[in-house]
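Thanks for coming. I will take this one piece by piece, so please keep the view open while I talk.

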Amino acid sequence: MNVDKKDDGRVPATSGAGSGSGHSPVLYLVLLLMVLVGIRLVFIFTLNLSDDEAYYWQYARHLSLSYYEHPPLVAWSNYLMMRLLGSTAYAVRMSALLYSIGDSILVWLIAARILHDRMKAFLSVLALNVIPAYAIGGLMMLPDAPLGFFWLLTVYFLMKVFMDDRGRYWYAAGVALGLDMLSKYHSIFVPISALFFMIVSKEDRKWFKDVRPYVATVIALTIFSPVIVWNVRHRFESLGFELVSRNPNFHISLNKFFTFLGSQLGLVSPLVFFLVVYAVYYGFRTYWKGLPEEDGAPASRKGYLFLSAFAAPIVLFFFATGFIVDSKPNWALMGYIPGVILSVQLSYGMYGKGWFRKYLWAGWSLALLFTLLIHVQLYYPLIPMRPADADLTNDLYGWHTAGRAVMDAYRGLAKEGPTFLFTHKYQLSSQLAFNAPGQPQVYTSNSTGDSYHDWGLNVTPALRGWNAVYVNDNSFRIDPYRHFRCREWEELPRIRIYRHGRYARTFYIYTCRGFEGIIGP
């Protein structure tokens, strides 16, 4: 394989399967993206929103500079699509589809540049979309959707800076980072990773003396400024939530660590997880020890360092804090994407080893099986789980039926006087608001811990004397008689939901004449 001595970012134009040149890998990529779009459109148009998606739909109904839990880009994306397509589930999820396709294109561009091989770039995209977490993530509109896209866009521009020595891309990186910061607070790991890379890579320490990285920082902070303004106005509620409210049980616990580890093994799939983690180590080892690439590929050792530098910090941080806080399963996922690219490079070099070849096929086959099972489970409860609320796919079902029953009760009470709808969880309130006919506003009795208190949708003494309809389900079951005072309660017939003959969930609906308030702890 002939390679220019200067590392100028061009994919070699030589022929042969090993180089991955020609049009075949590009065609494979286009076909893969077409298949992904087709599959995801089916899910987008046929499945109800998840609890969190319904909550971020509520974000879009209450546009703001920022929100209690997250920056605003998920809300702004939802609002734009809802203006174009209506207040529907497919409108909410359309942004997720677009972001996920963008993710795949950016992974292709990054892998093709660093590995100098279009076939390896295609395999990187394929591998990413086989991993359960990323395959399912392409269906759901959560803050992680814009986070992932703008994270990778920032990494792409930084790659142009570090790998191609094109300083003008600092400005583009600043814009992309600002948008990433508007997506989710986890974006802080992008500048941390860039700083780490600049310290380790001797030739890139020169950027500390260049004004452009600092200008890029100012650009990013300027774009992020709506979140700063919102937090100043709300006494830094988000900071309190992220550091305190989200982690009430702050203590060292092996159980917490192994719970987080188990979640990573499930989301990435067990064998692929260890392959990706080793690939990140392989990237560092190749750079620091000056080892030659194992398959003779022209990918530079600096490129390996670049990928590992954007993988390790976020993964190591959440594994370290996993001993003391209840880390969410998705928090470290962005760190595995560079590891996936490195795992493709590693696999080319080690594929000739029999044991590794078996491990590779077993690992990716298991990952594909996990992904297929999850997609099937969304429609058909192939894997029975007990209790029923252990199956998170059940959360997608039954809300249209419950919403109609709630609105029937609401209309009856509204004839007698002022009436409101409420639950005790933001998940329930958001799902009811989205699925009930007319998409009414729904209150929550939870006074803190979500954005409802910022929207004026908390149950307050101002509602005393009103009639009410209260809803909960088997996942968030409480006894309303012990938590709320009411002059006259009536429990309506329970609504049991079945999927293909299997019990999925139960909704509990109560009418209240003369609401008198919340019973304190």
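Leaving aside neighbours within four places in sequence, L396 is in contact with L47, N48, L49, S50, R93 and L378, where contact means heavy atoms within 4.5 Å. L396 sits in the loop between α17 (354-377) and α18 (399-414). At 11% relative accessibility, L396 counts as buried; buried means under 20% relative accessible area, exposed over 50%, and partly exposed in between, with a 1.4 Å probe and protein chains only. The C-alpha atoms of L396 and Y379 are separated by 9.6 Å, and these two residues are 17 residues apart along the chain.

A word on what you are looking at. This is a predicted model, in which local features need pLDDT of at least 70, side-chain atom pairs count only at pLDDT 80 or more, and totals for chains, interfaces and linings use all residues. Residues are numbered from 1 along each chain as its sequence is written, and side-chain values use heavy atoms, with hydrogens and water left out. Helices (H or I, at least four residues) and strands (E, at least two) are DSSP runs, numbered from the N terminus.

Now to the helices. N78 lies in helix α3, residues 73-85. Is N78 buried or exposed? N78 is buried, with a relative accessible area of 0%. Not counting residues up to four places away in sequence, N78 touches Y56, W57, A60, V92 and M141.

Helix α4, residues 89-115, has 27 residues and reaches 39 Å from its first C-alpha to its last, close to the 39 Å expected at 1.5 Å a residue. That expected span is 1.5 Å times one less than the number of residues in the helix. Since 23 of the 27 residues of α4 are buried, this helix is largely enclosed by the rest of the structure. Just after α4, H116 takes a positive phi of about 55°.

Helix α7 can be described in those terms too. Its 21 residues reach 29 Å from first C-alpha to last, close to the 30 Å expected. With 20 of its 21 residues buried, α7 is largely enclosed by the rest of the structure. D165, just after α7, takes a positive phi of about 60°.

From there we go to helix α8, residues 169-181, which has 13 residues and reaches 18 Å, close to the 18 Å expected. Among the buried residues of α8 are Y169, W170, D180 and M181. What covers the buried residues of α8 includes α7 (144-164), α9 (189-200) and α10 (212-233).

Next, the strands. Two strands pair if DSSP finds at least two bridges between them. In strand β1, residues 419-423, 5 of the 5 residues are buried. T419, L421 and T423 point one way from β1, and F420 and F422 point the other way. β1 runs parallel to strand β3, residues 467-473, and 4 bridges join them; here F422 stands opposite Y470. β1 also runs parallel to strand β2, residues 443-444, joined by 2 bridges, and the bridge partner of F422 in β2 is Y443. The chain crosses from β1 through helix α19, residues 426-435, to β2, and this β-α-β crossover is right-handed: with the strands pointing away from the viewer, the path from the first strand over the helix to the second runs clockwise.

Which strands pair with β6 in the antiparallel sense? β3 does so over 6 bridges, strand β4 (residues 484-491) over 7 bridges, and β5 over 5 bridges. As for the partners in β6, V469 stands opposite T511, W489 has C512, and R496 has T506. β6 itself is mostly covered, with 12 of its 17 residues buried.

Along β5, residues 495-499, the side chains alternate: I495, I497 and R499 point to one face and are buried, while R496 and Y498 point to the other and are not. The hairpin of β5 and β6 has 2 residues between the strands, and in it H500 takes a positive phi near 50°.

I will end on β6, residues 502-518, which gives the most to the lining of the largest cavity, with 3 residues.
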